[in-house]
Structures are given as C-alpha cells and as structure tokens.
Amino acid sequence: MERRGTKIARLAAAGAAAGVLVAAIVIPAVGGAGAGFVAAAEEVNLAPADLTEPPPAEVTIVRDAKGGEIARFYEEYREVVGFDEISPVMKTAIVAIEDFRFYQHGAIDIEGTLRALATNLRSGGVSQGGSSITQQYVKQVLFNAATTDEDRHAALEASYARKLNELRYAMGIEEKYTKDQILAKYLNIAYFGASAYGVEAAAKRFFGTHAADLTLPQAATLAGAVQDPNATDPNLGRAQRDRLLKRRNVVLDRMAELGEITADQAAEAKAAKLGYKGTRLPGGCESSKYPYFCLYVRQEILRNPDFGPTAEARLARLNRGGLTITTTLDPGMQAAAEQAVARYVHPSDSPVAAQALVQPGTGAIRAMAASRRYGTKAARNEISYNVVADTAHGGGIGFQPGSTMKTFTLITALKQGMKLDDGLAAGAGYRAPSYATFKNCAGQSIGDPGHTVTNDEGSPGWKTLRSGTWNSVNTFFMELEERVGLCETVKTAKSLGVRRADGKKLQEYETFTLGINESDPVTIATAYAAIAARGEYCAPMAVTRITGRDGESTRYRPKCRQALDPAVADATAEVLSGVFTKGTMRGVGGLGRDAAGKTGTTDDYASAWFAGFTPDLAGAVSLGDPRGSQRYKLTGVTIGGRYYGSVQGASIPGPIWRDTMLSALRGVPPTAFTPVDQARFGGCAESCRPEKQDPEPTPLGTATPETPTTGAPVTETTAPAAETPEMTLDPGDILN
C-alpha cells in the first residue's frame, strides 16, 4: 500500500490529466465559450449534485483533569481554522497560482480549461491542469472519504466518468457555499507536505507560526507546495527544498504578474531564505510528558466498546475525529509520583520502579509514573512498553506482587467471621498435609505435600490476624489460606479486580496468597482503593469526558459495585494501618494521617512492592528488572546511587509510596478511617490465645540505607508456584 503522503501528492497529477479530459468534452461545442459549454453540459447531464462532505481528519487533543494538554492523536495532522484566521496574503497567493479567476467563474473555469488543453497539446503531455479550486476541493473530499484502496483509486483515476461526477459535485458546492467558504474549505483540506494537512498545520510545521500570521514569502511557499507536495517536501532533503524554493519564486512572479504585489515586493520576497523550521508537530505518546498515562488512555479508547461499536470505528474516531478528551490525571499528583520515583531509582538503573495512584470511590487514575522514560526506539534508559499497566493497556507481563496479595486472604478470613485477635499457630515451615488440602475453583486438588514454604528469618509461633499481617509471616498465611479456602481467596481477589497483567487466567495454586501471579501497579492500586472506599470497587477510569468538534460532549461515569461488606473493609484497613506502626513499614514511618498498606517481597528478592491507601488516595509501587525478574534478582544491586544487599518492599517501594502521598495529599484535609465494628470483629473467638500474643516484631533481614535507625523492615518472601515456569521479559519483544 502506498504511503498516504504519496497518494495525496498524486492528486495534482491526476487532476491535470483529468483537466485534459474535461477539455475534450468542451471542444465539440466551443463556438461561443460559455454557450458551447452549456450545450455540452446538457448532452452529458451535468446537473449539480450534492456532495457528502465528511469532516476532514482532524487532531484529537488529550487533556488532564486541570485542562493541560497531555498528547495529540491523529492520522493527518490538521487543525481546521476559519476564513478570518487565514492571512489575506495566503489567500491571495493560493488563488494567484492555483485559480486566479476563482472569484469570477463558476464551478469550472472554461477559459482556464481550454488554455490548459492548448498548452498540453503543444507540449505533447500533461504540463498544465485546468481544475478550479472548487474542483480540487471536491477531489480532496472524495479521496479523504474513501475507505478502501479501490475507492481511493477511483478518486484519482483519469477518466471521463470521474471527471463528470467531479464537475456535478463542484456545481453543487458552488450553489451551496460562498467563494470565501469554498476557499477556506480548500485551504483546510489541502496537503502541503511534511506531514502537514491544512494551512494551519502547514504554517506551524514549516515556519512555527499560525496561518493568520503568514508573511508574503511564507504564504508563497505554502501556495507553491500544494501542486506537488511530495516533490517539494522540505523535510525530505536538500533537493526537495531547492524545488520548493523555486516553486515559491514562481508563485511570487505570478502574484506580481497579476498585480497582487509589486515587482519590488516580489524581488524582496525572492531574496529571502526558505526559512523552513521543521517544527515538531505535537502528538503521540512518545512525545507526551505523561507517556504511560497517554498509552493507557489510547489503549482504553481503542479496546473499550463505550467509545465506539468496533475497533475500526474507535481508531477512526480517535485519529480523525478532532476530539477533546478530558482525563482523570491530576498534574500535581503526577508530579509527586514522578519526583518520589526519581528520588529512589535512576533511569540508568537496571531495575525499574513504577507507580500508579487511584482515587477511592471513583477508580480515577490520578498518576502513572516510572523511573525510565518511554521510547519506541529502545534507546538507553528508555523502556518500550507501559511498565505501569497491563498488556491490554500497552504493558508487559508485570511482576509478582508478593505479599501484597496476603491482604485478600485476610479479607476472606474476616468475611468468614474471624475476629481481629483470632489466630493460628505458624510453624517455621509449611507443607500441605495432603494433595487434597487445597482445591482450586474448578474443584481440583492442587496441594503439594512435597513443597515446603518457609519464613526464611521470620519467627514461627502463634499469630493473630493483626500480628500475622504486620509481620507478613508466610507460614501463617499458608495456614490461614488452608482454613478459609484457596478458591474463596481467589474469588475475593477477583471481586476486587485482581487479574494477571498478561491477561491470562489467574494461577490457582496453594501459594496464591504469596503473590505468584504477575500483576501491574494500576490493578493492585485499584484493588486497594476499593478497601479505602469501604468495599466499593470501581474499575480503573482514565477518561471523564469526550467533546466532539461540534461541541457536543459525552460524560463517562465511574463503574462501581459493592464488592465487600463495608464493615469487612473497615476491619481490613484497621489491620493494615498497623503495618506502619508495628509491622514491616515501621522503620519508614507513616503520613501523619490515617493510612494503611502492605509490603510485598517475592521469593529470592525477584521483585518488591508496596500497596497502600488513605481514605482519599490509593497507590501501588512495583520494582523489578524488566530483563527478567527471576533471572535478575534485587540482591547485591546499586539502585538510585545506593547499594543494597537485598531489596524488600519497605526498602524502596515503601519510601516511594510514602513520599508520594505526603506530597500528593498536601493541602487535602485528612479523612479518617471508619472505626471497626467491635461487636463483630473486636476481641477473638475460639482461637483466641492472649497469653501467647506476640511481642513487638524483631527486625529481620538486611537493613537498607534509607531505613531509619529506629527500626528495620521485616524480611518476607514468597515461595514459587508449582509448575510455574520462570518468566522473563525482553522489552524488544513487547508490542505497543
């Protein structure tokens, strides 16, 4: 298939050939120019016809929640402007070179057509076209409206049938619009080269200015470019620029010949340099200041039926519709996330940190940040996919979220009636009693008595729902999952939107609670936001309003449902808030307002996470090596200029989350968690053993440089899932 720019360039040549054919129609009845043409028109039934004019492809602008521009999407970079927004000299120049009798003739310039025929006959070829500006506009409309290669070919072919239809449409256009309106339409649809469609885009691309501010040399340059925009495309090299300069001077000479400018003005303009700037046209996620969020928005629109009935319709609407898309991104919160990530992880580091912020009660994505820039050229310190999101939104396979998944086992226990001080005896190691101990949601036995889960340096003993969570004790959660049921735990996670980043089914093994399913920060942050919203799960939301070029707006509301009993969510928040004061985050510290969360450190330090929330904002931070987290561990590594013997959830992800929240929520009045229903969850039931309550947890693992001397995070690890192959990721293999 030909490049679109090449096809557009062919319009000029096709139009010239068609002009010869039209002239041939006129010849038999040339006796008296106008009268002769009328007779010929009657013979071929040249009655005016109504042309369907779909609006030309126009740029779609994406904005953040405050109105700032995020990105632009387009198939053709075009910004439609009104007649009064185009400089008079531009209008004069295009009329002078393309159709100097435009304001005197009707749909067809009989005199110009005959002159073109005579010139072409003398030259033995097609050296001059006779199409009026109105005819050229019709031709562009037909070409732009074509949806197949066959239709596009038909819009360009040099045939009597096509030319007659073009003339009928041109006559209809002349009856429908004023000359000024037709000229404005032509200047807005014409291709000027250098990927610029329409005079406003061309003015910006060529000279870094607006169509209203074009000078004489600039206007003459653009007027000259429309004849053969591919041959004179200044972006292609010196030869094309030289041809464009010569063409500009032809336009200036023609303007002087017609008396539109003086000879001195023409000479002065011809002495000026071409002045092509090649201003970069904004657009696409690679050039966006928020590339990961931009990718999410683009993929959300392309895949979500809310934005159009088919994938093709959604793509056309996005790239051609001239829409204004208002999104959920908060620039202040985005800045907070970016600054916190950059403080702890450098772009040159092998591991990549990624963070998403989500608003409880709406699912609105407020920020998406990562330690590396997004780039499609796989340059150093860039990443070529959306590391913050799942594959459906341009992401990769994600990282195992580790112990952040223990929260869903805790929730399941609370749903089943356990109280906060109920507990279990956790051993130094856990092994399923039999193959039938755990059953997946298909009813299959998947327990593996041959595999032992350990706590590494964690302490065994009696653990309550509180202390087992605060210390993130692996064997406790294996015992707890055995008690409440694997399938029930999986169902709880699913009800809060948990899914694999790669889109595959969740792996339902006994180590599900230890976080074996690779996920992404948006998914985990959204799940934790549901706890903050007292059990109301709201699907991730990026778009709030789409406004068409006609000014009509469609608003998009949050998609929410009550996934948890509010009292269960309140009890979960109460337990998770202790992670900051008595658990794995106590060495990092809290926010000075109600907050809750859970660290996650995977088996052998393959990846590290933190997920947490306040009543006003939730967030999740992941850290892992995109080359393959199972192969490139977070041990013996230098990250952010600091050396780490091993990286845990509280080493880097936790501090990133805390710093982000402190900044993002500055100025937001603190909201308190709803108190726990003590009648339902206070105290303990049969399993209560107060005489064996745990003392304050003992610091374990290797202390990290940023951990205050008041404490150190507790080591937590996950065991590998049975039959789970190591998954590695090559950024070059990811499709955007």
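Which residues does K419 touch, not counting residues up to four places away in sequence? In this predicted model, the list runs to L465, A679, R680, F681, G682, G683, C684 and A685. K419 itself sits in the loop that links α16 (406-415) to β10 (423-426). Its relative accessibility comes out at 17%, and since buried means under 20%, K419 counts as buried. R680 is worth a second look here: K419 and R680 are 261 residues apart in sequence, yet their C-alpha atoms lie 7.3 Å apart in space. There is a polar link as well, with the side chain of K419 reaching the backbone oxygen of R680 at 2.9 Å.

Next come the helix pairs. Helix α11 (residues 238-257) packs against helix α12 (residues 263-271) at an angle of about 170 degrees, and the two axes are 9 Å apart. Angles over 145 degrees count as roughly antiparallel, and α11 and α12 therefore run roughly antiparallel to each other. On the α11 side, the residues involved are R248, N249, L252, D253 and A256, and they meet A266, A269 and K270 of α12. Sorted by class, this contact holds 4 nonpolar, 1 polar and 3 charged residues.

Helix α3 (residues 88-98) and helix α8 (residues 179-189) make another kind of crossing: their axes come within 11 Å and cross at roughly 90 degrees. That angle makes α3 roughly perpendicular to α8. From α3, the contact takes in M90, K91, I94, V95 and E98, while α8 supplies L183, Y186 and L187. The tally for α3 with α8 is 6 nonpolar, no polar and 2 charged residues.

How many of the 11 residues of helix α18 (residues 474-484) are buried? The count is 8, so α18 is largely enclosed by the rest of the structure. The buried residues of α18 are N474, T475, F476, F477, M478, L480, E481 and V484. Just after α18 comes G485, which takes a positive phi of about 105 degrees.

Turning to the strands, β15 (residues 543-547) has two partners to describe. Strand β5 (residues 324-327) pairs with β15 in the antiparallel sense over 4 bridges, and within that pairing T326 stands opposite R545. Strand β16 (residues 553-555) also pairs with β15 in the antiparallel sense, this time over 3 bridges. Here I546 stands opposite T554 in β16. The hairpin of β15 and β16 has 5 residues between the strands, and G551 in this hairpin takes a positive phi near 90 degrees.

A few backbone angles round things off. Most residues other than glycine have a negative phi. R534 goes the other way, with a positive phi near 60 degrees in a residue other than glycine. The place of R534 is the loop between α20 (521-532) and β14 (536-538), and with a relative accessible area of 35% R534 is partly exposed. Y605 is not a glycine either, but its phi is positive too, at about 60 degrees. Y605 belongs to the loop between β18 (596-601) and β19 (607-613). Is Y605 buried or exposed? Its relative accessibility is 15%, so Y605 counts as buried.

Technical notes: Residues are numbered from 1 along each chain as its sequence is written. This is a predicted model: local features need pLDDT of at least 70, side-chain atom pairs count only at pLDDT 80 or more; totals for chains, interfaces and linings use all residues. Side-chain values use heavy atoms; hydrogens and water are left out. Axes are lines fitted to C-alpha atoms, for helices over the stretch in contact, and angles run from 0 to 180 degrees between N-to-C directions. Helices (H or I, at least four residues) and strands (E, at least two) are DSSP runs, numbered from the N terminus. Angles under 35 degrees count as roughly parallel, over 145 as roughly antiparallel, 65 to 115 as roughly perpendicular and the rest as oblique. Contact means heavy atoms within 4.5 Å. Ala, Val, Leu, Ile, Met, Phe, Trp, Tyr, Cys and Pro count as nonpolar, Asp, Glu, Lys and Arg as charged, and the others, Gly among them, as polar. Buried means under 20% relative accessible area, exposed over 50%, partly exposed in between (1.4 Å probe, protein chains only). Two strands pair if DSSP finds at least two bridges between them. A polar contact is a pair of N or O atoms within 3.5 Å; within protein, one must be able to donate a hydrogen and the other to accept it, and residues adjacent in sequence count only if both atoms are side-chain atoms.
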